[in-house]
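Student: I should like to understand how the descriptive terms for a helical protein are justified. Could we take them one at a time?

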Amino acid sequence: MERQQGEVKADRLERPDPLCDSEREMIKDTWAKVYQNCDDVGVAILIRLFVNFPSSKQYFSQFQQVEDPEELERSAQLRKHARRVMNAINTLVENLHDGDKMVSVLKLLGKAHALRHKVEPVYFKILTGVILEVLVEDFPDYITPEVAGAWTKLLDAVYWHVAGVYEEVGWASSSAV
């Protein structure tokens, strides 16, 4: 297959190594603790994304003009989207043993964000970094360096698969971050 969209390929990471059994167990164990606080963690992730990367708000008309993190935190729409993000991660964690199911979930997610929402793929890379930051900071007793390494592999795989979906649908970048 000839590669004609060189720019997209250049940004794409090498395929991450698959998770080993012990890494999958670490992720499942820590996620069980994180998911008990699903709503708060999801809100913390989105608020950090919007505060640290304000350009990400361009994809959320209801948040574009909101600067105050406390106002964002009270937003029912933000809470609803935070729950969707957390449920998507939960679906991935629940299916760590089933690569086909994970790929299927990520294809749906990637296509929706590329075709319907027109979200630049780089925001998935940014979001995966924000997720890891929040987990490390909010759950220091559970997210040891070894566990963070497992989560990094999973989140790298998420980005790798989503970026592949963008490539498959012929995504053409419309702007830089």
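Tutor: Let us begin with a term: contact means heavy atoms within 4.5 Å. The model is predicted. By that criterion Met102, Val103, Leu106, Lys107, Leu109, Gly110, Lys111, His113 and Ala114 in H6 meet Leu154, Val158, His161, Val162, Val165, Tyr166 and Glu168 in H8. The residues of this contact divide into 10 nonpolar, three polar and three charged.

Student: Why are H6 and H8 called oblique to each other?

Tutor: Helix H6 (residues 99-116) and helix H8 (residues 145-168) pack at an angle of about 55 degrees, and their axes are 8 Å apart. Angles under 35 degrees count as roughly parallel, and 65 to 115 as roughly perpendicular. The angle of about 55 degrees falls in neither range, and H6 and H8 are therefore oblique. The crossing of H6 with H8 is right-handed.

Student: What makes H2 and H5 roughly antiparallel or roughly parallel?

Tutor: The axes of helix H2 (residues 21-35) and helix H5 (residues 76-94) cross at roughly 150 degrees and come within 11 Å. The cut-off for roughly antiparallel is over 145 degrees; H2 and H5 are therefore roughly antiparallel to each other. Their crossing is left-handed.

Student: Which residues of H2 and H5 meet?

Tutor: On the H2 side they are Ile27, Lys28, Trp31, Val34 and Tyr35, and on the H5 side Met86, Asn87, Ile89, Asn90 and Val93. This contact comprises seven nonpolar, two polar and one charged residue.

Student: Why is Lys118 described as partly exposed?

Tutor: Its relative accessible area is 48%. Buried requires under 20% and exposed over 50%, so Lys118, at 48%, is partly exposed. Lys118 lies in the loop between H6 and helix H7 (122-138). Its phi is near 55 degrees, a positive value in a residue other than glycine.

Student: How many helices and strands does the chain have?

Tutor: There are eight helices and zero strands, and the pattern along the sequence reads α-α-α-α-α-α-α-α.

Student: What share of the residues counts as buried, and what share of the contacts links distant positions in the sequence?

Tutor: Of the 177 residues of the chain, 44% count as buried, the cut-off being under 20% relative accessible area. Among contacts with a separation of 6 or more, 78% involve residues 24 or more positions apart.

Student: What supplies the exposed surface of the chain?

Tutor: The chain exposes about 10,100 Å², and carbon and sulfur atoms supply 50% of that area.

Methods. Residues are numbered from 1 along each chain as its sequence is written. This is a predicted model: local features need pLDDT of at least 70, side-chain atom pairs count only at pLDDT 80 or more; totals for chains, interfaces and linings use all residues. Side-chain values use heavy atoms; hydrogens and water are left out. Helices (H or I, at least four residues) and strands (E, at least two) are DSSP runs, numbered from the N terminus. Buried means under 20% relative accessible area, exposed over 50%, partly exposed in between (1.4 Å probe, protein chains only). Accessible areas come from the Shrake-Rupley method with a 1.4 Å probe; for residues, only the protein chains shown count as cover. Axes are lines fitted to C-alpha atoms, for helices over the stretch in contact, and angles run from 0 to 180 degrees between N-to-C directions. A crossing is left-handed if the near helix is turned anticlockwise from the far one by less than a right angle, and right-handed if clockwise. Ala, Val, Leu, Ile, Met, Phe, Trp, Tyr, Cys and Pro count as nonpolar, Asp, Glu, Lys and Arg as charged, and the others, Gly among them, as polar.
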